[in-house]
Amino acid sequence: MKRATALFCAGLALTVGSLAQQEIMFSFSIPAEGISPVWDLPLDTVLMDVHNTDNYDLNGTLADAQWAALMPPNGGIVELGPHGEKFMLSMAHQLQCLDVIRQDYVAGWEGRRTTPNGEVSARAHHCLNYIRQMVLCRGDRRLEQVVDPFGAHAVQVRGTQTCKDWTRVLDSMAEAQRRTQP
């Protein structure tokens, strides 16, 4: 896969050369004052078959391993820009939060919660709010067919979806980590 080269200059990311022919140098841009920075990583679209799976269970050794494998290198922390500023990629934060919610749910189910009254942990509460906010922020407008409004699975979510290439994000995070290691 060919990469792009980007230079970071005076707080702005400037793309140099053909994106299809050059290697990427990790940079970010700030769309407007007060707006969160965005990693300048061009992503192609890919197709993903959405369906129920036996993977990513709630509990067990295999579930723990599968959820852990979703986390990118260095816990989703990347160093970008000329001064090596550290950021956590939102995608990594979201995956981490889903795992935190999963672990807290299982701990409550098994009676292992360590909170004073067995309530949801502050971390799980943060994560639930964060995921809610990100779902609202992204505003996915795909339509899902209603198959049984009163059934356990009211909508049909199976099928092919057009997504951003998340593998490129994970590969680029691994490359960013390799570049910052001594």
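This text walks through the salt bridges and the disulfide of a predicted model.

The salt bridges come first. Side chains of opposite charge can pair when their charged atoms come close. Across the whole structure, a search finds six such salt bridges. Three of them are described here, among the six found.

One of these pairs lies within a helix. Arginine 102 and aspartate 99 are joined by a salt bridge, with 2.7 Å from N to O. Both residues belong to helix α2, which covers residues 90-109. They are three residues apart there, about one turn of the helix. Arginine 102 has a relative accessible area of 5%, and because buried means under 20%, arginine 102 is buried. Aspartate 99, at 13% relative accessibility, counts as buried too.

Another salt bridge pairs aspartate 104 with arginine 113, and here the N to O distance is 3.0 Å. Aspartate 104 is buried, its relative accessible area being 11%. Arginine 113, in contrast, is partly exposed, at 25%. Beyond single pairs, some salt bridges share partners: Asp64, Asp99 and Arg102 are joined in this way into one network. The pair of arginine 102 and aspartate 99 described above is thus found inside that network.

A further salt bridge connects glutamate 79 and lysine 86, whose closest N and O atoms are 4.0 Å apart. Which of these two partners counts as exposed, and which as partly exposed? Lysine 86 has a relative accessibility of 60%, and because exposed means over 50%, lysine 86 counts as exposed. Glutamate 79 has a relative accessible area of 30% and is therefore partly exposed.

The cysteines come next. How many disulfides does the structure hold? The structure holds one. The disulfide is formed by cysteine 97 and cysteine 127, with an S to S distance of 2.3 Å. It links distant parts of the chain, since cysteine 97 sits in helix α2 and cysteine 127 in helix α3, which spans residues 122-138. The two cysteines are 30 residues apart. The angle about the S-S bond is -65°, and the link of cysteine 97 and cysteine 127 is left-handed. Both cysteine 97 and cysteine 127 are buried.

Two other cysteines can be placed by their accessibility. Cysteine 137 counts as exposed, at 56% relative accessibility. Cysteine 163 counts as buried, with a relative accessibility of 14%.

Helix α2 thus appears in both parts of this account: arginine 102 and aspartate 99 lie in helix α2, and so does cysteine 97 of the disulfide.

Technical notes:
Residues are numbered from 1 along each chain as its sequence is written. This is a predicted model: local features need pLDDT of at least 70, side-chain atom pairs count only at pLDDT 80 or more; totals for chains, interfaces and linings use all residues. Side-chain values use heavy atoms; hydrogens and water are left out. A salt bridge is a side-chain nitrogen of Lys or Arg within 4 Å of a carboxyl oxygen of Asp or Glu. Buried means under 20% relative accessible area, exposed over 50%, partly exposed in between (1.4 Å probe, protein chains only). Helices (H or I, at least four residues) and strands (E, at least two) are DSSP runs, numbered from the N terminus. A disulfide is a pair of cysteine sulfur atoms within 2.5 Å.
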